[in-house]
Amino acid sequence: MNRRTFLATSGAAFAGSVLTSPVHAAAIGLEQAPLPYALQALEPHIDAMTMEIHFGRHHVAYLNNLKGALETAGLPGGDVTSLVSDLAKVPEALRTTVRNNGGGHVNHSWFWQWMAPAGSGPSAPEGKLAAALQGTFGSLDDFKKVFAEAGAKRFGSGWAWLIVKQDGGLAVTSTPNQDNPLMKGVVPEGEEGTPILGIDVWEHAYYLKYQNKRPDYISAWWNVVNWTAVAKGFEAAKA
Ligand code: MN3
């Protein structure tokens, strides 16, 4: 696919997607949104040094790699969420770079929004989201157990997700590397959906403080989940 074809088809193809953009924020462009809290604000659960390196270097590297690749190919960035949702529309020579670095950029853009300083909001889901989690998993604790297991059992690097499936139901899934549940043709059938919560289980997300104890990181992480943002993503995905 050449540049002209790519430009002509991308908008139309993405407009038809049934999956909605997660977190209420609209498009994710080729820039890094400011962190919505201070680097040390998630202490003691997530330490400031980890945040500094994770936000300031890892996320920035994904974004810069993505920008570099698109610029070299003379392609516009547009909405990176849409770009990674339909990788078949991305020229083949760029596909792996966009999958890894575009995925890295959007996944981290969401991840920062899905966290908030402990005590700054509700400590558990409320309302319709709480009811849906209970209906699907039995209880909030059962949901947390399933989600934590998905993160703990992900071999190597990746993410665990809570998604709203195309039928409107909730599910917990996991992806390797920087893949995410919006990636059509990448995630297995039945695991596609709109992510409304996700945890980064790459070692760079926790190793400084938790070393090899990934389950300890996951259990501490619940303290900084931004349930208000998750509820907004849930409402948007169901709308
Ligand atoms: Mn990361």
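Start by selecting helix H2 (residues 48-72) together with H4: the two pack at an angle of about 145 degrees, and their axes are 9 Å apart. You're looking at a predicted model, by the way. Turn the pair around and you'll find that H2 and H4 make a left-handed crossing.

Now show the side chains where these helices touch. From H2, the residues to pick include Met 51, His 54, Phe 55 and His 59. On the H4 side, the contact includes Leu 94, Gly 104, His 105, His 108 and Trp 112. Colour the whole contact of H2 with H4 by class and you get twelve nonpolar residues, eleven polar ones and no charged ones.

**The metal**

Keep His 54 and His 108 on screen and add the manganese ion. Which residues hold the manganese ion? His 54, His 108 and His 204 each coordinate the ion through NE2, and Asp 200 does so through OD, at 1.9 to 2.1 Å. Along the chain, these donors follow the spacing H-x53-H-x91-D-x3-H.

Follow two of the donors back into the fold. His 108 belongs to helix H4 (residues 92-113), while His 204 sits in the loop between strand E3 (194-200) and helix H7 (207-210). That's 96 residues apart, so this pair links distant parts of the chain. Are the two buried or exposed? His 108 counts as buried because its relative accessibility is 0%. His 204 is buried too, with a relative accessible area of 18%; the cut-off for buried is under 20%.

**The sheet**

Next, hide the helices and select the strands. They form an open sheet of three, in the order E2-E1-E3, and the pairing is antiparallel. Strand E2 (170-176) and E3 each have a single partner strand, so they stand at the edges and one side of each has no neighbour in the sheet. On average, neighbouring strands here are turned by 25 degrees against each other, ignoring direction.

Zoom in on strand E1 (residues 158-164). Seven bridges join E1 to E2, and six bridges pair E1 with E3 in the antiparallel sense. Trp 159 is a good one to click: its bridge partner in E2 is Thr 175, and its bridge partner in E3 is Asp 200. You've already met Asp 200 as one of the manganese ligands.

Move along E1 and you'll see Leu 162 standing opposite Val 172 in E2. Ile 163, in turn, stands opposite Ala 171 in E2. Then look at the connection: E1 and E2 form a hairpin with five residues between them, and Gly 168 in that turn has a positive phi of about 90 degrees.

How many residues of E1 are buried? Seven of its seven are. In a regular strand, side chains alternate between the two faces of the sheet. Here, Gly 158, Ala 160, Leu 162 and Val 164 lie on one side of E1, with Trp 159, Trp 161 and Ile 163 on the other, and all are buried. As for E2, six of its seven residues are buried, so the strand is largely enclosed by the rest of the structure.

Bring back helix H9 (residues 227-238). H9 lies across E1, E2 and E3, and runs at about 150 degrees to E3.

**Another helix pair**

Now select helix H6 (residues 140-153) and helix H8 (residues 214-221). H6 and H8 pack at an angle of about 145 degrees, with 9 Å between their axes. What is the handedness of the crossing as H6 passes H8? The crossing is right-handed.

Show the side chains at this contact: Phe 147, Ala 148, Gly 151 and Ala 152 from H6 meet Arg 214, Pro 215, Ile 218 and Trp 221 from H8. By class, that makes six nonpolar residues, one polar and one charged in the contact of H6 with H8.

**Zooming out**

Finally, show the whole chain as a cartoon. There are nine helices and three strands in the chain, and from the N terminus on they run α-α-α-α-α-α-β-β-β-α-α-α. Of the 239 residues, 46% are buried. Among the contacts in the chain with a separation of 6 or more, 72% are between residues 24 or more positions apart.

Notes: Residues are numbered from 1 along each chain as its sequence is written. This is a predicted model: local features need pLDDT of at least 70, side-chain atom pairs count only at pLDDT 80 or more; totals for chains, interfaces and linings use all residues. Side-chain values use heavy atoms; hydrogens and water are left out. Donors are N, O and S atoms within 2.8 Å of the metal (3.2 Å for Na, K and Ca); water is not among the atoms, so sites may look incomplete. Helices (H or I, at least four residues) and strands (E, at least two) are DSSP runs, numbered from the N terminus. Buried means under 20% relative accessible area, exposed over 50%, partly exposed in between (1.4 Å probe, protein chains only). Axes are lines fitted to C-alpha atoms, for helices over the stretch in contact, and angles run from 0 to 180 degrees between N-to-C directions. A crossing is left-handed if the near helix is turned anticlockwise from the far one by less than a right angle, and right-handed if clockwise. Contact means heavy atoms within 4.5 Å. Ala, Val, Leu, Ile, Met, Phe, Trp, Tyr, Cys and Pro count as nonpolar, Asp, Glu, Lys and Arg as charged, and the others, Gly among them, as polar. Two strands pair if DSSP finds at least two bridges between them.
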